Structures are given as structure tokens and as C-alpha cells.
Amino acid sequence: MREYEFVYVIQPDATPEREPELHQRIDQVVVDQSGRFLLRDDWGKRRLAYEIKKFQKGHYFQVNFLGSGKEIGEIERLMRLDADILRYLSVLANDEVADVETRVVEAAKQAAEQAQRRAEREAERAAREEREKERERGLPVSDDDDEEPRFRADDEDEE
Amino acid sequence: MVDVIAKRPAKKRRRAGRKMFSRHKVCRFCADKEIDIDYKDAKTLRIFLTERCKIIPRRISGNCARHQRRLTTAIKRARHLALVPYTTAHV
């Protein structure tokens with residue numbers, strides 16, 4: 001069997017039900033063609049390098065699966081038809097996976113690692129936001145103190 | 001053979017009063033087997049783009065042919081997914 005890596009970008013304002021629905025559709029194709037699902041990674045909402053359909057951000061997902069190759073056509077067709085999909089890319093990750101079961105186990109491990117890393121990133125971001133908020137709370141007072149005398153000085157100069 | 005070819009321009013250049021840069025360039029991916037070329041890794045790909053987001057040619061980056069080939073496909077994949085820009089924003 002071959003291993004495929006499929007990345008897709010969902011528009012950021014999609015209704016909450018849309019995302020699981022799209023995941024489910026892709027998985028369904030894999031199952032229908034007697035492939036094996038390996039893992040799904042949520043990269044989160046990222047800033048796009050350029051605007052797509054007027055969107056600045058996109059929700060990135062990556063899915064890995066084993067299959068014969070027939071799945072790709074069908075999945076890509078689904079992606080093309082869906083207006084909420086901004087971009088998709090399918091890549092052949094491994095041409096010949098000899099031992100399917102070990103790969104499945106491995107992928108499960110990989111998925112767990114990714115989930116952990118994601119949680120860490122999330123925690124880090126929350127901490128950073130917290131710090132920023134605190135700084136914002138602290139800053140306005142000092143900012144005003146600095147700027148006010150300078151403005152007054154400017155006014156005097158003009159007059 | 002190689003020595004002769006390498007030395008001659010060096011002499012000429014010196015006479016012209018210019019410095020000759022003969023920094024030995026090594027392919028980064030050959031030197032460090034740990035980093036693999038991945039279209040998902042936008043940060044690494046960015047190193048090989050100019051400020052205008054063009055792909056830096058092999059003669060400048062010093063990449064070997066094999067890795068440069070892999071790098072360009074990776075960059076093009078990343079561009080399609082909007083992980084890396086095609087060009088800078090034009091206003």
C-alpha cells in the first residue's frame with residue numbers, strides 16, 4: 001500500500017459543524033476504497049501568506065492514510081466542489097508501505113505526539129496572551145505620562 | 001587542472017584591485033543530515049527565498065543539485081498552500 005499525505009485549508013469563518021463534516025467525508029472515502037486511516041493533525045488557524053478569496057487566515061489540517069491511489073481522485077473531487085476549502089494538496093509520502101500494521105501503530109504514536117505538542121503550543125500561547133494583557137494593563141498609564149509633556153512642548157513651539 | 005583554473009582569475013582580479021571571494025560553499029542539506037526538506041516547514045524554506053520571495057539560485061546558496069531540486073518542489077508546494085508567498089504584496 002502507499003502512504004498519502006493530504007493537506008487542506010478550510011476557510012476560517014466556517015460554521016463549527018463544517019469542519020468535522022469535511023473530516024468525516026474524507027475518512028469515508030478512505031474507508032470505501034479499503035484504505036487505512038493513519039492520523040489527522042490540526043495545524044490550527046494560520047495566517048495565509050497571501051489572501052485567498054479575501055481571507056487572511058485559514059484552518060490547516062493534515063491527514064495521512066494508506067491506500068491504493070484511487071482515493072485521491074475522489075477526495076480531490078470533493079475538495080474542489082466544496083466552497084469552504086481554500087486549498088488542498090495531496091502528496092505521496094511513501095510509495096510502498098510493506099508492513100501496514102506497524103505503520104498504523106507508528107502513526108497512532110505520531111498522532112499522540114502531535115497532540116501533545118499542540119497542547120504545549122496552546123498553553124504557551126495562552127501564557128503569552130496573558131502576559132500581553134498584563135503589560136497592556138500596565139502600559140497606558142506610563143505611556144500617557146511620557147507623551148503628555150512632549151505634546152505640550154510642541155504646542156508652545158507652534159504658538 | 002582544477003588548480004590552474006582556480007588560480008588564474010584570482011591573479012587577474014587582484015591586479016584589477018578587486019577582492020576575490022573564494023568561500024567554499026557546502027550544501028546545507030548534505031552537511032547536516034538531520035534537516036530534511038519539508039514543504040510544511042515554512043521557516044526553513046524562507047531561508048532559501050530572497051526578500052522578493054524568489055527562490056535563491058544554487059550558485060548562491062551552494063546547494064547541491066539533488067537538494068536544490070527537492071527544495072524547489074517543496075517551496076512550490078508550500079506556495080500553493082499559502083505557507084510561503086509567491087511574491088511580496090504589491091501596493
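**Exercise 1. Chain B in outline**

In what order do the elements of chain B run from the N terminus on? Then state how much of the chain is buried and how its contacts are spread along the sequence.

*Solution.* The model is predicted.
- Step 1. Count the elements. Chain B has five helices and zero strands.
- Step 2. Write them in order. From the N terminus on, the run is α-α-α-α-α.
- Step 3. Turn to burial. Chain B has 91 residues, and 16% of them are buried.
- Step 4. Sort the contacts. Take those in chain B with a separation of 6 or more; 64% of them join residues 24 or more positions apart.

**Exercise 2. One cysteine of chain B**

Is B:C30 buried or exposed? Locate B:C30 and list its contacts beyond four places in sequence.

*Solution.*
- Step 1. Place the residue. B:C30 sits in helix 2 of chain B, residues 28-31.
- Step 2. Count its surroundings. Within 10 Å, B:C30 has 12 other C-beta atoms. A residue with 12 or fewer is exposed, so B:C30 is exposed.
- Step 3. Find its contacts. With neighbours within four places set aside, B:C30 is in contact with B:C64 and B:H67.
- Step 4. Check a distance across the sequence. B:N63 is 33 residues from B:C30 in sequence, yet their C-alpha atoms are 8.3 Å apart.

**Exercise 3. Pairing in chain A**

Which strands of chain A does strand 3 pair with, in the cases of strand 1 and strand 2? Give the number of bridges, the direction and sample partners for each pairing.

*Solution.*
- Step 1. Start with strand 1 of chain A. Nine bridges join strand 1 to strand 3, and the two run antiparallel. A:V7 has A:Q62 of strand 3 as its bridge partner.
- Step 2. Go on to strand 2 of chain A. Here 11 bridges lead to strand 3, again in an antiparallel run. A:K45 is bridged to A:H59 of strand 3. A:R36 is bridged to A:L66 of strand 3.
- Step 3. Look at the turn. Strands 2 and 3 of chain A form a hairpin with two residues between them. A:K53 in this turn has a positive phi of about 50 degrees.

**Exercise 4. The two sides of a helix**

Which residues of helix 2 of chain A are buried, and which on the other side are exposed? Say what the buried ones pack against.

*Solution.*
- Step 1. List the buried residues of helix 2 of chain A. They are A:E71, A:I75 and A:M79.
- Step 2. Look down the axis of helix 2 of chain A. Its buried residues fall within an arc of 65 degrees, so they line one face.
- Step 3. Turn to the other side of this helix. A:G73, A:R77, A:R80 and A:L81 are exposed there.
- Step 4. Find the packing partners. The buried residues of helix 2 of chain A pack against strand 1, helix 1, strand 3 and strand 4 of chain A.

**Exercise 5. The core and the chain contact**

Which residues touch the most other members of the largest nonpolar core? Describe where the core comes from, then the contact of chain A with chain B.

*Solution.*
- Step 1. Name the best-connected members. The largest nonpolar core has 33 residues, and A:F6, A:Y8, B:A74, B:I75 and B:A78 touch the most others.
- Step 2. Trace the elements. Those giving two or more residues to this core include helix 1 (18-32) of chain A and helix 5 (65-80) of chain B. Strand 1 of chain A gives the largest share, six residues.
- Step 3. Follow one member. Beyond four places in sequence, B:A78 touches B:Y39, B:A42, B:L45, B:L83 and B:V84.
- Step 4. Size up the chain contact. Nine residues of chain A and eight residues of chain B take part.
- Step 5. Break down the chain A side. Strand 1, strand 2 and strand 4 each supply at least two residues. Strand 2 gives the most, with four residues. By class, this side of chain A has seven nonpolar, one polar and one charged residues.

Notes. Residues numbered from 1 in each chain as written. Chains lettered and ligands numbered in written order. Predicted model: local features only at pLDDT ≥ 70, side-chain atom pairs only at ≥ 80, totals over all residues. Buried ≥ 20, exposed ≤ 12 C-beta atoms within 10 Å, placed from the backbone. Contact = placed C-beta atoms within 7 Å. Core = buried A, V, L, I, M, F, W, Y, C linked by C-beta atoms within 7 Å. Arc of directions from axis to C-beta. Pairing = 2+ DSSP bridges. Nonpolar A, V, L, I, M, F, W, Y, C, P; charged D, E, K, R; others polar.
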